[in-house]
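Visitor: I'm new to this one. Could you show it to me and let me ask how you know what you say about it?

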Amino acid sequence: MIKKQDCMDFILRHVPDFERAWRAHLEYWDGEEAGLCNDMGAFSSYVEDLLAKNRAENLKPIFDLIEQLMSDGDKTVKDAVATCFLENLLNRASAGSVPARAFVPLLGPESRAYCKAWDDFTGVRTEGL
């Protein structure tokens, strides 16, 4: 099980290119704990940037990692990934700032199920779900 206190180290081990954005996020919080939801929000912004730059080669391992967190994370990790990563991307897709077709095919079963449930809850229909 991936615990809250290990989540961001886990992400950084698997996505070392996130390190620069992570450092900027930490500097913004100036030594205060941002909380896992804000940390996942920073990660979703990093992924949004990859989507905007059409760097699809970097996306599959990231969404595999997200699926692992949704499957193997503790409740806090799962909640943060769902509400502060997946929902962020879905909201940005519905606003037109990222193309859903760029990430929806990469969603694993747990992530896809959550995204579908979010669409049902909000009444939004994300392309490809």
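Guide: Let's start with Lys53 and Asp49, which form a salt bridge.

Visitor: What makes Lys53 and Asp49 a salt bridge?

Guide: The term asks for a side-chain nitrogen of Lys or Arg within 4 Å of a carboxyl oxygen of Asp or Glu. The closest N and O atoms of Lys53 and Asp49 are 3.1 Å apart, so the pair fits that rule. Keep in mind that this is a predicted model, where local features need pLDDT of at least 70, side-chain atom pairs count only at pLDDT 80 or more, and totals for chains, interfaces and linings use all residues. Residues are numbered from 1 along each chain as its sequence is written, and side-chain values use heavy atoms, leaving out hydrogens and water.

Visitor: Is Asp49 buried, exposed or partly exposed?

Guide: Buried means under 20% relative accessible area, exposed means over 50%, and partly exposed is in between (1.4 Å probe, protein chains only). Asp49 comes to 35%, so we call it partly exposed.

Visitor: How many salt bridges are there by this rule?

Guide: Six. One of them joins Arg92 and Glu48, at 3.0 Å from N to O. Arg92 sits in helix H5 (residues 75-95) and Glu48 in helix H3 (residues 36-52), so this pair ties together parts 44 residues apart in sequence. Helices here are DSSP runs (H or I, at least four residues), numbered from the N terminus.

Visitor: Why is Glu48 called buried?

Guide: Its relative accessibility is 19%, and the cut-off is under 20%, so Glu48 counts as buried.

Visitor: What makes Cys37 and Cys84 a disulfide?

Guide: A disulfide is a pair of cysteine sulfur atoms within 2.5 Å. The sulfurs of Cys37 and Cys84 are 1.5 Å apart, so they qualify. The pair links distant parts of the chain, with Cys37 in helix H3 and Cys84 in helix H5, 47 residues apart.

Visitor: Why is the disulfide of Cys37 and Cys84 called left-handed?

Guide: The torsion about its S-S bond is about -55°, so this disulfide is left-handed.

Visitor: Which of these are buried or partly exposed, Cys37 and Cys84?

Guide: Cys37, at 38%, is partly exposed, while Cys84, at 6%, is buried.

Visitor: How do you know that Cys7 is too far for a bond?

Guide: The closest cysteine sulfur, in Cys84, is 11 Å from that of Cys7, so the pair misses the cut-off. Cys115 is in no disulfide either, with the nearest cysteine sulfur, that of Cys84, 13 Å away. Cys7 is buried at 0% relative accessibility, and Cys115 is buried at 0% too.

Technical notes
Helices (H or I, at least four residues) and strands (E, at least two) are DSSP runs, numbered from the N terminus.
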